[in-house]
Amino acid sequence: MVITSLFRAASLPENEPTYFGIRLDSDILWIPGDSTVTGYCHVTGKVVLCLNQPLRVKDMKLHFEGRRYMNWKDFPESQRSHQHMSFLERLFMYQTWNFLPSLGTPSPTTTLAPGNHEFPFTFCLSNTTPDTIEGLDDCYVKYQLKATIGTAGGRRIEADTRVRVRRMYRSLLLPEPKVVQDIWPQKIIYRVSLPSQAYTFGSAIPIKFEFIPLCKGLEIATIHTEVKETHKLLQSTLSRRARVIAEDDFYPRDWNEDEFRITSDNEGCWHSLTRFLRLPNDSKECLQSLSTNFLHVEHTLTTQIKLLNPDGHHSAVLLDLPISIHCALPPLPEDPFISSVLQAIRMIDESCDQPLPNYNSHKLDRTPDEIASEVLGDDIEVLPEPPSYFQLGSPSKPPSYETALLSTFSSPVLFNESYV
């Protein structure tokens, strides 16, 4: 008797689904980030319900919601130091759909037969939807899909899954280099180059420095580079905070070839070197660059080149280069957005690989008579001359305004008196 009761307690409750969940085609929703025109992306998936007994349900709904939380003054020393205040969390996006049709009765019910049931769904998400922000306890944006079943007995069965919204930028596929060059009279000519202005989490930023010293005895004391992340909270009171997410210090000893690579061009003899700055791979240490109506996240590459003058005093060159940090693109060549960009890159590469035209192969443009003689030969049928325009003895006059008013061919639509 005791053994039988144990088996009964371990069995599933009556009419309890054996499985109830949400399956998305992709749990990361990629939205074009460069488009200035309002567009949409499609979210597709299905809700799966497995039953071993018939189940009477009143409704079966799908909910999509977005929540944001902003409550900070400065970066906390540790994640544990932040006290979460749930009343500051805001529901800024909400949509709901019902899978079951309404039966038109006060308390409609539908009986689902035993077996596996799939409820496919598709909905649109605007490209103005904010990115998912995660990694910080005092600042986040998160999305959730939740499926609910209301049974005839009043029970509520729920299943949910997290959804991430990311943006794809053409700058990750079409790098735009950045070069800053200037001259400090009677001191130095300097050039700082970046191969791109957009990078991904965990990647390395190669920074190329080139110098032409104009003063004998001038040396490079230190080269300090750092990436600064700035958060701007756009609410009733503007709040701002910043942190350094990556930095590098280099101390060259001399202008010798062990430290610098020496090249020459029309401007002079350049002493060049390349430093690599590694970006964090953890979202707790770095957020992606974004711009929403409530939060801006910006990244700046700051360079300080400290010069040691011949008399012993120091001078410094300060440079601020804006960059952007994004999530790595998915390796899906069948994605239409990525395919279109790759096709554009391929067309640019093919056009660049074509050789320039040779002057010896140049041909003058031929006249239409020469083309016709080559195609038709000597047996060319002479076409008759086009007829001349007929000259009217008394040209017609345009109708007068009175004639237009008396015409009954078409009557204009009158405005309603209430609009006047």
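Leaving aside residues up to four places away in sequence, serine 272 touches Lys208, Phe209, Glu210, Phe260 and Arg261. This serine sits in strand β18, which covers residues 268–278. With a relative accessible area of 6%, serine 272 falls under the 20% limit and so counts as buried. These values, like everything below, come from a predicted model.

Strand β18 belongs to an open sheet of 5 strands, lined up in the order β11-β12-β14-β18-β17 with antiparallel pairing. At the two edges are β11 and β17 (261–265), each of which pairs on one side only. Going across this sheet, neighbouring strands are turned by 25° against each other on average, with direction ignored. As a bit of background, strands of a sheet pair through backbone hydrogen bonds, and they can do this in a parallel or an antiparallel way. For β17 and β18 the sense is antiparallel, and the pairing runs over 5 bridges. One of the matched pairs here is aspartate 265, whose bridge partner in β18 is glycine 268.

What about the loop between β11 (178–184) and β12 (188–194)? Glutamine 186 lies there. This glutamine has a positive phi of about 60°, although it is not a glycine. Glutamine 186 has a relative accessibility of 68%, which is over the 50% limit, so it counts as exposed. Its sequence neighbourhood also holds a charge-over-ring arrangement: the charged end of lysine 187 sits over the ring of tryptophan 184, 5.3 Å from the ring's centre.

Next comes another open sheet, this time with 3 strands in the order β1-β3-β7 and antiparallel pairing. Its edge strands are β1 (19–24) and β7 (115–126), and each of them pairs on one side only. From one strand to the next, the twist averages 20°. Strands β1 and β3 (residues 40–51) run antiparallel and are joined by 6 bridges. Within that pairing, leucine 24 stands opposite glycine 45 in β3.

Strand β10 (residues 156–168) shows both kinds of pairing. With strand β2 (residues 28–32) it pairs in the parallel sense, over 5 bridges. Here leucine 29 has valine 165 of β10 as its bridge partner. With strand β9 (residues 139–151), on the other hand, β10 pairs in the antiparallel sense, over 8 bridges. On this side, leucine 145 stands opposite threonine 161 in β10. Strands β9 and β10 also make a hairpin with 4 residues between them, and glycine 154 in the turn has a positive phi of about 95°.

Now for the aromatic rings. A pair of them is described by the distance of the centres and the angle of the planes. Searching the whole structure turns up 12 aromatic pairs. In one of them, the rings of tyrosine 69 and tyrosine 140 have centres 5.3 Å apart and planes at 20°; that angle is under 30 degrees, so the pair is stacked. The two tyrosines link distant parts of the chain, with tyrosine 69 in strand β4 (residues 55–70), tyrosine 140 in strand β9, and 71 residues separating them. Both tyrosine 69 and tyrosine 140 are buried.

Phenylalanine 92 and phenylalanine 294 make a tilted pair, at 6.3 Å centre to centre and with 50° between the planes. This pair, too, brings together distant parts of the chain: phenylalanine 92 is in strand β5 (residues 90–98), whereas phenylalanine 294 is in the loop between β19 (290–291) and β20 (295–308), 202 residues apart. Are these two partners buried or exposed? Phenylalanine 92 has a relative accessible area of 28%, which lies between the 20% and 50% limits, so this ring is partly exposed. Phenylalanine 294 comes out at 5%, which is under 20%, so it is buried. Both belong to a cluster in which ring pairs link Phe64, Phe92, Trp97, Phe121, Phe123, Tyr143 and Phe294. Phenylalanine 294 has a charged visitor as well: arginine 68 lies over the face of its ring, 4.5 Å from the ring centre.

Finally, a word on confidence. The protein averages a pLDDT of 79, and 70% of the residues score at least 70. Over residues 1–12 the pLDDT is below 50, and this stretch has 2 contacts in the model beyond near neighbours in sequence. Over residues 386–420 the pLDDT is likewise below 50, with 0 contacts beyond near neighbours in sequence.

Definitions and conventions:
Residues numbered from 1 in each chain as written. Predicted model: local features only at pLDDT ≥ 70, side-chain atom pairs only at ≥ 80, totals over all residues. Heavy atoms only, no water. Pairing = 2+ DSSP bridges. Axes fitted to C-alpha atoms, helices over the stretch in contact; angles between N-to-C directions. Phe/Tyr/Trp six-rings, centres within 6.5 Å; stacked < 30°, edge-to-face > 60°. Buried < 20%, exposed > 50% of the residue type's maximum accessible area, 1.4 Å probe, protein only. Lys NZ or Arg CZ within 6 Å of the ring centre and 35° of its normal. pLDDT = per-residue confidence, 0-100. Contact = heavy atoms within 4.5 Å.
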